Amino acid sequence: MNQKPSNSFVAASWIALLTGMIGYLVGLFRAEMMLNEKGYYFTVLMFGLFAVISLQKAVRDKLENIPVTDLYYSICWFCTILCLVLLTIGLWNADLLSSEKGFYAFSFILSLFGVIAVQKNTRDSIATE
């Protein structure tokens with residue numbers, strides 16, 4: 001049974017995504033770090049968003065018996081884990097205050113959650129039409 005997501009859940013998903021991304025990007029823009037460091041953190045965010053959307057789609061396709069190759073499914077999991085590891089390593093070695101490291105970690109996770117929820121809502125909305 002496919003049910004269209006409620007407007008409040010759709011709004012909450014978009015708010016989570018935008019809050020996480022905007023917070024992360026504003027923090028990155030205002031950070032006193034070299035441009036190559038900012039590029040690293042920006043790339044990890046974009047890679048992470050793409051990875052979790054791909055993973056969400058692959059998992060959902062498998063549940064709906066839509067063919068997904070094991071290789072693609074494994075790559076999705078690998079990329080999702082890799083982006084989390086890359087952010088962790090980057091923050092662990094960064095010359096930042098602990099509060100800044102926590103801010104980046106939480107805004108990153110909020111962004112990943114938000115984009116998964118937005119993707120789910122989009123797919124559920126299309127499926128009920």
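Which residue forms a salt bridge with Asp70, and how far apart are the closest N and O atoms? The points below address this pair and the other charged contacts of the predicted model.

1. The partner of Asp70 is Lys62, with 3.8 Å between the closest N and O atoms. This pair falls within the 4 Å cut-off for a salt bridge. Asp70 is exposed, at a relative accessible area of 55%, whereas Lys62 is partly exposed, at 36%.

2. In total, seven salt bridges are counted in the model. A network of such contacts links Lys57, Arg60, Asp61, Glu64, Lys120, Arg123 and Asp124.

3. Within this network, the side chains of Lys57 and Asp61 form a salt bridge with an N to O distance of 2.7 Å. Both residues belong to helix 2 (residues 35-63), where they are four residues apart, or about one turn of the helix. Their surroundings can be described separately: Asp61 is buried, with a relative accessible area of 6%, while Lys57 is partly exposed, with a value of 38%.

4. Arg60 and Asp124 also form a salt bridge, and their closest N and O atoms are 2.3 Å apart. Because Arg60 lies in helix 2 and Asp124 in helix 4 (residues 98-127), the pair ties together parts that are 64 residues apart in sequence.

5. The accessibility of this inter-helix pair also deserves a comment. Arg60 has a relative accessibility of 12% and so counts as buried. Asp124 likewise counts as buried, at 8% relative accessibility. Both assignments rest on the cut-off of under 20% relative accessible area.

Methods
Residues numbered from 1 in each chain as written. Predicted model: local features only at pLDDT ≥ 70, side-chain atom pairs only at ≥ 80, totals over all residues. Heavy atoms only, no water. Helix = DSSP H or I, 4+ residues; strand = E, 2+ residues; numbered from the N terminus. Buried < 20%, exposed > 50% of the residue type's maximum accessible area, 1.4 Å probe, protein only.
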